[in-house]
Amino acid sequence: MNRLKTLSAGIAVLACAALPALASADEAVALLKNVTGQVQVLRGSTTLPASAGMGLQAADRLLSQAGASAGITFRDGTRIALGPSSELLVRDFVFKPKEATYLFDVHLAHGSALYTSGTLAKVAPAAVKISTPSAMIGVRGTRFIVEAE
């Protein structure tokens with residue numbers, strides 16, 4: 001009987017420990033599909049090494065070093081290929097078709113990125129914003145390269 005209580009307590013502790021991981025997976029607005037070279041994710045005051053399969057959250061900042069790149073796929077199928085020596089901030093992302101609530105807002109501080117629109121740009125093109133230090137791009141469902149000095 002004591003073994004059963006100990007086992008039950010152990011399972012409860014493991015389940016509670018897994019809750020933060022499950023919560024963060026639900027918060028992911030995008031997924032890193034591939035990473036080449038040194039790419040970091042700045043999440044709050046924490047710096048994480050980027051890796052394929054890693055979830056990205058709103059407010060995450062991606063930094064790619066010289067010769068590095070990252071492929072990002074958002075929940076709606078929007079894709080961004082981040083080039084070398086680049087910095088991209090995922091300001092916000094909301095994709096709730098049942099509520100007709102949409103928002104895609106990223107900022108390329110410097111470097112280059114290839115954008116390929118997903119479902120969000122097709123159903124709510126006015127909700128898509130891509131900015132650089134000197135310009136803001138309104139997207140109407142397309143594919144383009146953006147560079148920022």
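A residue counts as buried when its relative accessible area is under 20%, and this cut-off will be useful at several stops on the tour of this predicted model.

Begin by colouring the chain by pLDDT, the predictor's confidence in each residue. The average over the chain is 83, and 77% of the residues score at least 70. Now select residues 1-25, where the pLDDT is below 50 and where the model shows 2 contacts beyond near neighbours in sequence. Where pLDDT is low, the predicted coordinates should not be read in detail.

Next, turn to the aromatic rings, among which 5 aromatic pairs are counted. Select Phe74 and Phe104, whose rings meet edge-to-face, with 4.9 Å from centre to centre and 70 degrees between the planes. If you trace the chain from one ring to the other, you will find that the pair links distant parts of it, since Phe74 belongs to strand β6 (residues 69-74) and Phe104 to strand β9 (residues 101-116), 30 residues apart. Both Phe74 and Phe104 are buried.

Keep Phe104 selected and add Tyr115. Why is the pair of Phe104 and Tyr115 edge-to-face? The planes of the two rings stand at 65 degrees, with the centres 6.0 Å apart, so the pair is edge-to-face, because planes over 60 degrees apart are counted in that way. Phe104 has a relative accessible area of 1% and is therefore buried, and Tyr115, at 3% relative accessibility, counts as buried too.

Finally, add Phe93 to the selection, and you will have one aromatic cluster on display, formed by Phe74, Phe93, Phe104 and Tyr115.

Technical notes: Residues are numbered from 1 along each chain as its sequence is written. This is a predicted model: local features need pLDDT of at least 70, side-chain atom pairs count only at pLDDT 80 or more; totals for chains, interfaces and linings use all residues. Side-chain values use heavy atoms; hydrogens and water are left out. Rings of Phe, Tyr and Trp (its six-membered ring) pair if their centres lie within 6.5 Å; planes under 30 degrees apart count as stacked, over 60 as edge-to-face and the rest as tilted. Helices (H or I, at least four residues) and strands (E, at least two) are DSSP runs, numbered from the N terminus. Buried means under 20% relative accessible area, exposed over 50%, partly exposed in between (1.4 Å probe, protein chains only). pLDDT is the predictor's confidence in each residue, from 0 to 100. Contact means heavy atoms within 4.5 Å.
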